[in-house]
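Subject: Structure handover

Hi,

Here is the structure I promised to pass on. Please open it and keep it on screen while you read. My notes follow below.

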Amino acid sequence: MLVTAHIPVLLEETIQALAVQPGGRYIDCTLGGGGHAAAILEHSSPGGQLLGIDADPEAIKAARQALKPYNDSILLINDNFVNLKAICYKYDFVPLHGILFDLGLSSLQLNGDNRGFSFKHRAPLDMRLNADQELTAAYIVNSYPEAELARLIKTYGEERYSRQIARRIVQERPVRTTLELARAIERVVKKRGKIHPATRTFQALRIAVNQELEYLELALKQAVDLLGFQGRLVVISYHSLEDRIVKRFMQQESKDCICPPGTPTCVCGHTASLRLIKKRIITPSPEEVENNPRSRSARLRVAERVITQEEHYKIVEKLCSTAEVEALGNAWRRPSILKKLRQTYTAS
Ligand SMILES: C[S@@+](CC[C@H](N)C(=O)[O-])C[C@H]1O[C@@H](n2cnc3c(N)ncnc32)[C@H](O)[C@@H]1O
């Protein structure tokens, strides 16, 4: 089977949104085939550094190959971005100039013939990003009670026919492959426009198997604390469930008070940790959608960390005195940016 390369979505817009600068330090939380990472490294040269994370070991392998020319400036970690903070502290990779999330799946995963993400190829119903995860799509499809299955398909797939689909799946058990599942769905849902009837159910299963929404919320919270002075948080999402989480998070974090409307005086004590750079979402141009149809649903949101130089310096100081960091002693420790910052601060 032909596995087409992954084309990075909103590439120029991402580099601009991250305000990539020479010598900057960046995290790509969803490395995939390394397309965005390569552009970040290109624009942050000389001296730029990138830590790339992907839950899928195959993605790490592909990205390592694609990023060979930047070998001295990268650190690639096979892990889930839900562990973002721990990873950054372990590798002394803070504070950051920018953090990128390009959510969902890469073409390598969608077109791969054994992952079970696509209803176009016959494959076991797996859908795990990493084989170490226990829960598979096959387990959900063949073991969940009908009502729970319907709820999952409705919540994570926003599927109108969730109850009919769940009933049919239960009737057809055991459902072993992607094609068997797609056929079961086709028997109860007719094609709507260009969208295949199984699209929403496959999305729902993938989200459930990989706990995508829970992990996104947890990772966004961690990301803010890792950003330094004027650091940028950029998120590209591909469906409304993801985008809603990103939008709410950025809006809430950009407010000084989050008390319910009508509260006479503020009791929440919340202060803004982010500033929205663009109030509106950034979407691909018609040319990009034509060249890369996968980009059609992409929505980019960007925000900047609200923090003073002094607070930034305190984070660095705290980090540098951590015993764990002291013990680590790897090539990523005490980067020039930290030294420079300390000098700037001491001098003023
Ligand atoms: C859309 S692709 C990224 C493509 C990449 N920006 C590029 O230019 O090649 C999304 C990637 O994120 C990874 N991913 C999804 N959820 C993840 C998570 N919770 N933790 C780590 N990686 C994740 C997937 O395995 C996939 O490789």
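Which polar side-chain atom lies 2.7 Å from a nitrogen atom of the ligand? The atom belongs to D102. Keep in mind that this is a predicted model.

**The ligand**

Start with how the ligand is covered. On its own, the ligand has 610 Å² of accessible area, and the protein covers 97% of that. Two backbone contacts are also worth finding. At F81, a backbone N or O atom lies 2.9 Å from a nitrogen atom of the ligand. At G34, a backbone N or O atom lies 3.3 Å from an oxygen atom of the ligand.

Now look at the shell around the ligand. There are 25 residues around it. Those that come nearest are H36, D54, F81, D102 and Q109. So D102 and F81 turn up again here. By class, the shell has 9 nonpolar, 11 polar and 5 charged residues.

**The largest cavity**

Where does the ligand sit? It sits in the largest cavity. A general point helps here. Rolling a probe the size of a water molecule over the atoms shows where empty space is left.

The structure holds 2 cavities of 30 Å³ or more. The largest cavity has about 420 Å³ of space. It is lined by 31 residues, and T30, F81, D102, L103 and G104 are the closest to its centre. F81 and D102 are therefore worth selecting first when you look at the ligand and its cavity.

Which elements help to line this cavity? α2 (35-43), β2 (49-54) and α11 (212-226) each supply at least two residues. α11 gives the most, with 3 residues. The lining divides into 12 nonpolar, 12 polar and 7 charged residues.

**The second largest cavity**

This one has a volume of about 40 Å³. Its lining includes Q109, L110, D113, R115, F117 and H121. Q109 is also among the residues that come nearest to the ligand. The classes here are 3 nonpolar, 6 polar and 2 charged.

**The largest pocket**

Next, find the largest pocket. How much space lies in it? The answer is about 1300 Å³. The pocket is lined by 33 residues. L110, T199, R294, R296 and S297 lie nearest its centre. L110 is also in the lining of the second largest cavity.

α5 (107-111), α10 (199-209) and α12 (240-253) each supply at least two residues of the pocket lining. Which of the helices gives the most? That is α10, with 5 residues. By class, the pocket lining has 12 nonpolar, 13 polar and 8 charged residues.

**Backbone details**

Three spots in the backbone deserve a look. I list them here with their places.

- S45 to P46: this peptide bond is cis, with omega near 0°. P46 is in the loop between α2 and β2. Both α2 and β2 also supply residues to the lining of the largest cavity.
- R173 to P174: a cis peptide bond joins these two, and omega is about 0°. P174 is in the loop between α8 (162-172) and α9 (178-186).
- A19: phi is positive, at about 50°, although A19 is not a glycine. A19 lies in the loop between α1 (11-18) and β1 (25-28).

**Where to begin**

Begin with D102, whose polar side-chain atom lies 2.7 Å from a ligand nitrogen atom. Then go to F81, with its backbone atom 2.9 Å from a ligand nitrogen atom. After that, turn to the largest pocket and find α10 in its lining. Finish with the loops that hold P46, P174 and A19.

Best wishes

Methods
Residues are numbered from 1 along each chain as its sequence is written. This is a predicted model: local features need pLDDT of at least 70, side-chain atom pairs count only at pLDDT 80 or more; totals for chains, interfaces and linings use all residues. Side-chain values use heavy atoms; hydrogens and water are left out. A residue is near a molecule or strand if one of its heavy atoms lies within 4 Å of it. A polar contact is a pair of N or O atoms within 3.5 Å; within protein, one must be able to donate a hydrogen and the other to accept it, and residues adjacent in sequence count only if both atoms are side-chain atoms. Accessible areas come from the Shrake-Rupley method with a 1.4 Å probe; for residues, only the protein chains shown count as cover. On a 1 Å grid over the protein atoms alone, a cavity is a set of points where a 1.4 Å probe fits but cannot get out, and a pocket is an open set with protein on both sides within 12 Å along at least five of seven lines; lining residues have an atom within 4 Å of a point. A molecule sits in a cavity or pocket if more than half of its atoms lie within 2 Å of its grid points. Ala, Val, Leu, Ile, Met, Phe, Trp, Tyr, Cys and Pro count as nonpolar, Asp, Glu, Lys and Arg as charged, and the others, Gly among them, as polar. Grid points are joined across faces, edges and corners, and a volume is the space filled by probe spheres set on the points. Helices (H or I, at least four residues) and strands (E, at least two) are DSSP runs, numbered from the N terminus.
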